Amino acid sequence: MQLEKLRKILTENGEPKFRLSQIQKAIYQDGVSDFSEISTISKNLREQLEKEMKILSFEVEKVLVSKDEKSLKALLKLADGNKIESVLLSPVENKWSVCISSQVGCPLNCGFCATGKSGFQRNLTAEEISDQVLFWRQYLKKQGTVNSDQEKNPPYPSASATWQKQNLLIKERGVISNIVYMGMGEPFLNWEEVKRSLRDLIDKDLFAFGSRSISVSTAGIPEGIKNLAEEFPQINLAISLHFATDEKRSQFMPINRKYNLEELKKALKDYFSKTNRQVFVEYVMLSGINDSEEDAYALSTYLKSIGNRQLLHVNLIAYNETGKELKASSGNKTHLFRDYLERGGMSVTIRKSLGQEVEGACGQLAGK
Ligand code: SF4
């Protein structure tokens with residue numbers, strides 16, 4: 001939400017200082033999605049705000065819900081017509097993680113990524129980034145209070161008929177416990193706006209998330225890793241590594257030609273010396289590409305060479321197939337890969353694939 005505009009309206013109206021806090025609480029913490037629902041302010045002010053402002057900086061074009069209702073993806077239309085995606089996942093009962101986008105498209109063009117293929121349009125503003133969390137908070141609130149009126153008039157009229165039907169199935173309300181900057185875009189290439197959005201997410205008067213419940217994922221921009229360590233040492237860092245040799249990484253992730261594995265290693269060593277915090281290493285399992293024993297050896301060797309092995313945690317991620325060329329590794333292969341890493345003393349988790357039915361790979365929906 002455009003807080004500056006809200007502040008300006010309240011100042012021009014001569015409203016007392018606490019009015020801003022009342023409105024912020026209703027919107028950011030209670031998940032109110034319409035100014036008309038804020039009962040703590042006057043009717044005149046409610047009407048003025050409704051006329052002059054919007055709570056969200058985008059329109060919700062579509063929400064897809066998986067059959068198990070644990071993965072949802074929203075297609076959001078920005079004011080300039082560009083579209084982005086935001087994903088809500090529930091790996092644990094009644095706890096939700098929001099995966100947010102930081103750019104429209106992405107300039108890094110990783111070979112396995114639908115967003116990369118769609119090219120780069122522009123950076124998102126801080127509002128457009130944090131509003132994705134606001135939207136899901138509103139959404140969960142609506143699910144918790146769905147009633148027969150809403151069954152006749154779903155909250156988002158433009159949603160597809162399938163969604164409207166599925167939408168009503170989610171009666172259980174839950175809380176957002178994690179935010180990950182892992183949607184469309186490279187967050188460290190939009191650092192100024194990402195930084196503002198992080199401040200809003202941890203601001204006690206706004207979203208009030210704990211720093212440790214937020215993670216920023218990068219394809220490996222050393223300057224960004226340094227900035228995160230210095231400015232937000234309590235926020236989690238995740239590295240989209242995916243390949244442990246320069247040859248393979250440069251083939252699938254062009255950013256590696258600019259910042260190779262050695263550069264990334266230096267940045268991580270520096271990160272550890274400044275924060276002593278755990279780093280998550282994301283590794284998407286691609287059949288016949290990076291899932292052999294040799295690849296596991298290369299990964300293990302690379303991670304050990306960084307030092308601070310106890311602070312590195314590897315997440316093996318099932319690949320959401322976006323085209324015909326690349327296939328996901330089999331479950332058996334993934335288990336063997338994990339076992340190999342564990343024998344070498346690495347801490348490893350196999351991440352369940354959530355979101356395939358909702359075209360969970362980033363950029364699959366917006367790219368259509
Ligand atoms: S994987 Fe991430 S960094 Fe690579 S192109 Fe896709 S969005 Fe960009």
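Which residue of β7 is the bridge partner of K95? Hold that thought while we look around this predicted model.

## The overall picture

Let's begin with the whole chain. The protein has 14 helices and twelve strands. Of its 368 residues, 41% count as buried. If you look at contacts with a separation of 6 or more, residues 24 or more positions apart account for 68% of them.

## The sheet

Ten strands make up an open sheet, and their order is β1-β2-β3-β4-β7-β8-β9-β10-β11-β12, with mixed pairing. The edges belong to β1 (58-65) and β12 (347-351); each has a single partner strand, so one side of each is left without a neighbour in the sheet. From one strand to the next, the twist averages 25°.

Now back to the opening question. The partner of K95 in β7 is V175. That pair belongs to the meeting of strand β4 (residues 95-99) and strand β7 (residues 175-181), which run parallel and are joined by five bridges. As you trace a strand, keep one general idea in mind: in a regular strand the side chains alternate between the two faces of the sheet.

## From β7 to β9

Next, follow the chain through three neighbouring names in the strand order, β7-β8-β9. β7 and β8 pair in the parallel sense, over three bridges, and the partner of V180 in β8 is S215. To get from β7 to β8, the chain passes through helix α8 (residues 191-202), making a right-handed β-α-β crossover.

How many residues of strand β8 are buried? Four of the five in strand β8 (residues 214-218) are, so this strand is largely enclosed by the rest of the structure. On to the next pairing: β8 and β9 run parallel and are joined by four bridges. Here S215 turns up again, with N236 as its bridge partner in β9. The chain crosses from β8 to β9 through helix α9 (residues 222-231), and this β-α-β crossover is right-handed.

## Two residues to find: A238 and H242

Try locating A238, which sits in strand β9 (residues 236-240). Is A238 buried or partly exposed? There are 18 other C-beta atoms within 10 Å of A238, and being buried takes 20 or more, so A238 counts as partly exposed. Leaving out residues up to four places away in sequence, A238 touches S215, V216, S217, F280 and E282. A238 and Q278 are 40 residues apart in sequence, yet their C-alpha atoms are 9.1 Å apart in space.

Then look for H242, in the loop between β9 and α10 (246-252). With 26 other C-beta atoms within 10 Å, H242 is buried. Its contacts, again not counting residues up to four places away in sequence, are F252, M253, E282, Y283, V284 and N290. H242 and E282 are 40 residues apart along the chain, and 6.4 Å separates their C-alpha atoms. E282 is also among the residues that A238 touches.

## The β12 end

Over at the β12 edge, β11 and β12 pair in the parallel sense over five bridges. One of the pairings to find is H313 with S347, its bridge partner in β12. The route from β11 to β12 goes through α14, and this β-α-β crossover is right-handed too.

Helix α14 (residues 331-343) packs on the sheet, where it touches β10 (279-285), β11 (312-318) and β12. The direction of α14 makes about 165° with that of β12.

## A helix with two sides

Finally, look at helix α2 (residues 18-29). At 1.5 Å a residue, its twelve residues should span 16 Å, and the end C-alpha atoms are 16 Å apart, which agrees.

Which residues in α2 are buried? Among them are I23, I27 and Y28. These three cover an arc of only 110° around the axis, which puts them on the same side of α2. A general rule helps here: an α-helix has 3.6 residues a turn, so residues three or four places apart point the same way. F18 and S21, on the other side of α2, are exposed. Just after α2 comes G31, which takes a positive phi of about 75°.

Definitions and conventions: Residues are numbered from 1 along each chain as its sequence is written. This is a predicted model: local features need pLDDT of at least 70, side-chain atom pairs count only at pLDDT 80 or more; totals for chains, interfaces and linings use all residues. Two strands pair if DSSP finds at least two bridges between them. Axes are lines fitted to C-alpha atoms, for helices over the stretch in contact, and angles run from 0 to 180 degrees between N-to-C directions. Two residues are in contact if their C-beta atoms, placed from the backbone, lie within 7 Å. A crossover is right-handed if, with the strands pointing away from the viewer, the path from the first strand over the helix to the second runs clockwise. The expected span of a helix is 1.5 Å times one less than its number of residues. A residue is buried if 20 or more other C-beta atoms lie within 10 Å of its own, exposed if 12 or fewer, and partly exposed in between; C-beta atoms are placed from the backbone. The arc is that of the directions from the helix axis to the C-beta atoms.
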